[in-house]
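Trainee: I would like to learn how to read a model of this kind with some care, starting from the fold and its confidence and ending with individual residues. Could we go through it feature by feature?

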Amino acid sequence: MPTDNHLKDAPSRPWTPPADPTGPGGIDFIAVERLLDNDIQPDALSRLELREAAAALYRTGTPVKELARRVDVHEAAAYELLADAGVLPPDQYCTINDCWRARRGHGLCQRHLEWERREVARSEREAKALDLAASGLSPEQISKAVHRSPKWVTGVLSSYATHRDHGAMEIAA
Ligand SMILES: [Zn+2]
């Protein structure tokens, strides 16, 4: 049962949830309260409401693993809710400027981690293409070896040639 103070004034009146959202952004805070009281299931709440519930649990010291169970999401998704709610300590956010998602690894959020992996994969593929070009393979052969189009290969090679010409002095030093 809900334990809101205003309900104590009318203990005999049956309590029903409001049909309309009660807060800003369509957040039904009574539904949030009811979830916190284990009075309703998480699937009755919107993502914003689950975010509020997760934030409320976090503020009262509930471990993330436990609050994830209470709002019925994976732990990673619980961190996302908490990041959205702005309740995580500063060192729990992604280190990319203006990215306020929860940190997952390497100081980055899931999205920026994936971006970093793609960047690493891209530079490794470029390095391989350059190695193969240096050992005399044609763009067509390189294309097959790195699973990229011949156009991609010629783009990498010409971009490298431009940088090499401009940076020849630095590389020589
Ligand atoms: Zn990020």
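Mentor: The turns below take up confidence, the order of elements, helix packing and a few loop residues.

Trainee: How confident is the predictor in the chain, and where is confidence lowest and highest?

Mentor: This is a predicted model, and the place to begin is therefore pLDDT, the predictor's confidence in each residue. The chain averages a pLDDT of 86, and 82% of the residues score at least 70. Confidence is lowest in H1, with a mean of 47, and highest in helix H4 (residues 64-70), where the mean is 97. Over residues 5-11 pLDDT stays under 50, and for that stretch the model has two contacts beyond four places in sequence.

Trainee: Which elements does the chain contain, and in what pattern do they follow each other along the sequence?

Mentor: There are nine helices and two strands, and reading along the sequence gives the pattern α-α-α-α-α-β-β-α-α-α-α. Two further values describe the chain as a whole: of its 173 residues, 20% count as buried, and among contacts with a separation of 6 or more, 24% are between residues 24 or more positions apart.

Trainee: How should I describe a pair of packed helices, and what are the values for H2 and H3?

Mentor: Two packed helices are described by the angle between their axes and the distance between those axes. For H2 and H3, the axes come within 9 Å and cross at roughly 50°, an angle that falls outside the ranges for parallel, antiparallel and perpendicular pairs, so the two helices are oblique to each other. The crossing of H2 with H3 is right-handed. On the H2 side the contact involves Phe29, Ala31, Val32, Leu35 and Leu36, which meet Glu49, Glu52, Ala53 and Ala56 of H3. By class, the residues of this contact divide into seven nonpolar, no polar and two charged.

Trainee: Is there a general reason to look at the spacing of residue numbers in such a list?

Mentor: There is: an α-helix has 3.6 residues a turn, so residues three or four places apart point the same way. With that in mind, you can look again at the H3 side of the contact, where Glu49, Glu52, Ala53 and Ala56 are listed.

Trainee: What happens later in the chain, where H7 is in contact with H6 and with H8?

Mentor: Take H6 (residues 110-134) and H7 (residues 139-146) to begin with, whose axes come within 10 Å and cross at roughly 145°, in a right-handed crossing. Arg125, Lys128, Ala129, Leu132 and Ala133 of H6 meet Ile142, Ala145 and Val146 of H7, and this contact has six nonpolar, no polar and two charged residues. For H7 and helix H8 (residues 150-166), the axes come within 8 Å and cross at roughly 110°, and the two helices are therefore roughly perpendicular to each other. Here H7 contributes Pro139, Glu140, Ile142 and Ser143, while H8 contributes Pro150, Val153, Thr154 and Leu157. The residues of the contact of H7 with H8 divide into five nonpolar, two polar and one charged.

Trainee: Which residues of H5 are buried, and against which helices do they pack?

Mentor: Burial is judged by counting C-beta neighbours, with 20 or more within 10 Å as the cut-off. In H5 the buried residues are Ala78, Tyr79, Glu80, Leu81, Leu82 and Ala83, and they pack against helix H3 (47-59) and H4. Just after H5, Gly86 takes a positive phi of about 75°.

Trainee: Where do residues other than glycine take a positive phi, and are they buried or exposed?

Mentor: One of them is Asp98, with a phi of about 65°, in the loop between helix H5 (75-85) and strand E1 (103-105). Asp98 counts as exposed because it has 5 C-beta neighbours inside 10 Å. His106 is another case, with phi near 55°, and lies in the loop between E1 and strand E2 (108-109). With 12 other C-beta atoms within 10 Å, His106 is exposed too.

Trainee: How far apart are Gly25 and Glu49 in sequence and in space?

Mentor: They are 24 residues apart in sequence and 9.7 Å apart in space, taken C-alpha to C-alpha. Gly25 is found in the loop between helix H1 (5-8) and helix H2 (29-36), and is exposed, with 10 other C-beta atoms within 10 Å.

Notes
Residues numbered from 1 in each chain as written. Predicted model: local features only at pLDDT ≥ 70, side-chain atom pairs only at ≥ 80, totals over all residues. Helix = DSSP H or I, 4+ residues; strand = E, 2+ residues; numbered from the N terminus. Contact = placed C-beta atoms within 7 Å. Axes fitted to C-alpha atoms, helices over the stretch in contact; angles between N-to-C directions. Left-handed = near helix turned anticlockwise from the far one by under 90°. Nonpolar A, V, L, I, M, F, W, Y, C, P; charged D, E, K, R; others polar. Parallel < 35°, antiparallel > 145°, perpendicular 65-115°, else oblique. pLDDT = per-residue confidence, 0-100.
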